[in-house]
Amino acid sequence: MYERIATSDDTLAVRLGATLTADEIDALYAEAEKALQGRERLNYFVDATAWSHLAPDTALHALKQRMLHLGWYNRFRRVAVVTENQALKTMLSAMDWITPVMDVRAFGPAEADEALRWCEKG
């Protein structure tokens, strides 16, 4: 499950629940597509503090969606993810390195407000 977080027009912000279904992943991509309409660039904030896993079939679906939307990467300015998960932090660090057009940062749960402010400044 996920929920939207109220923020500025140039930032899409969501809070993830413990798990995500394939339908919820599709809904997230649809929201991102809608938020990108009429904008050259968008910031993206994800509070993944509660998130813990994807089911195997959902993980494959998420990978497929990511591959279908590779062209979006140049449209995101700042991406902030709040998490305690070290593997996710490592992946985000690598993503920041391989996608120089967007600034990707991981923040700890105690830094959630700072992360949102940083993302909105983009």
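In this predicted model, strand β2, helix α1 (residues 22–36) and strand β3 together make a β-α-β unit that is right-handed. The two strands of that unit, β2 and β3 (residues 42–47), pair with each other in the parallel sense over five bridges, and they belong to an open sheet of five strands with mixed pairing, whose order is β1-β2-β3-β4-β5. Salt bridges, of which the structure holds five, are the second theme of this briefing, and several of them involve residues of the strands, the helix and the loops described below.

**The sheet and its strands**

- Within the five-strand order β1-β2-β3-β4-β5, strands β1 and β5 (103–107) stand at the edges and have a single partner strand each, so one side of each is left without a neighbour in the sheet.
- Neighbouring strands of this sheet are turned against each other by 15 degrees on average, when direction is ignored.
- Strand β1 (residues 2–4) pairs with β2 in the antiparallel sense over three bridges, and the two strands form a hairpin in which six residues lie between them.
- In the pairing of β1 with β2, E3 stands opposite R15, which belongs to β2.
- On the parallel side, where β2 and β3 pair over five bridges, the bridge partner of L12 is Y44 in β3.
- Strand β2 (residues 11–16) is mostly covered, since five of its six residues are buried.
- As general background, strands of a sheet pair through backbone hydrogen bonds, in either the parallel or the antiparallel sense.

**Salt bridges between separate parts of the chain**

- E31 forms a salt bridge with R4, and the closest N and O atoms of the pair are 2.6 Å apart.
- This pair links distant parts of the chain, given that E31 lies in helix α1 and R4 in strand β1, 27 residues apart; R4 itself counts as partly exposed, at 46% relative accessibility.
- The side chains of D10 and R39 also meet in a salt bridge, with an N to O distance of 3.1 Å.
- Because D10 lies in the loop between β1 and β2 and R39 in the loop between α1 and β3, the pair ties together parts that are 29 residues apart in sequence.
- Both ends of this contact can be placed by their accessibility: D10 counts as partly exposed at 39%, and R39 is partly exposed with a relative accessible area of 23%.

**Further charged contacts**

- E3, R15 and D47 are linked in a network of salt bridges, and within this group E3 and R15 are also the residues that stand opposite each other where R15 lies in β2.
- R105 and D103 bring their side chains together in a salt bridge, for which the N to O distance is 3.7 Å.
- R105 is partly exposed, with a relative accessible area of 37%, and D103 is partly exposed as well, with a value of 24%.
- In general terms, side chains of opposite charge can pair when their charged atoms come close.

**Helix α1 and its spatial relations**

- A35 lies in helix α1, and its relative accessible area of 16% falls under the 20% limit, so A35 is buried.
- A35 and D9 are 26 residues apart in sequence, while their C-alpha atoms are 8.2 Å apart in space.
- D26 also has its place in helix α1, where it is partly exposed with a relative accessible area of 28%.
- D26 and T58 are 32 residues apart along the chain, and a distance of 11 Å separates their C-alpha atoms.

**A nonpolar surface patch**

- L60, L63, M67 and L70 make a nonpolar surface patch of about 410 Å².
- One of these patch residues, M67, lies in helix α2 (residues 56–68).

Conventions
Residues are numbered from 1 along each chain as its sequence is written. This is a predicted model: local features need pLDDT of at least 70, side-chain atom pairs count only at pLDDT 80 or more; totals for chains, interfaces and linings use all residues. Side-chain values use heavy atoms; hydrogens and water are left out. Buried means under 20% relative accessible area, exposed over 50%, partly exposed in between (1.4 Å probe, protein chains only). Helices (H or I, at least four residues) and strands (E, at least two) are DSSP runs, numbered from the N terminus. Two strands pair if DSSP finds at least two bridges between them. A crossover is right-handed if, with the strands pointing away from the viewer, the path from the first strand over the helix to the second runs clockwise. Patches are made of residues with over 30% relative accessible area and no salt bridge: like charges are joined within 9 Å, nonpolar side chains (Val, Leu, Ile, Met, Phe, Trp, Tyr) within 5 Å. Accessible areas come from the Shrake-Rupley method with a 1.4 Å probe; for residues, only the protein chains shown count as cover. A salt bridge is a side-chain nitrogen of Lys or Arg within 4 Å of a carboxyl oxygen of Asp or Glu. Axes are lines fitted to C-alpha atoms, for helices over the stretch in contact, and angles run from 0 to 180 degrees between N-to-C directions.
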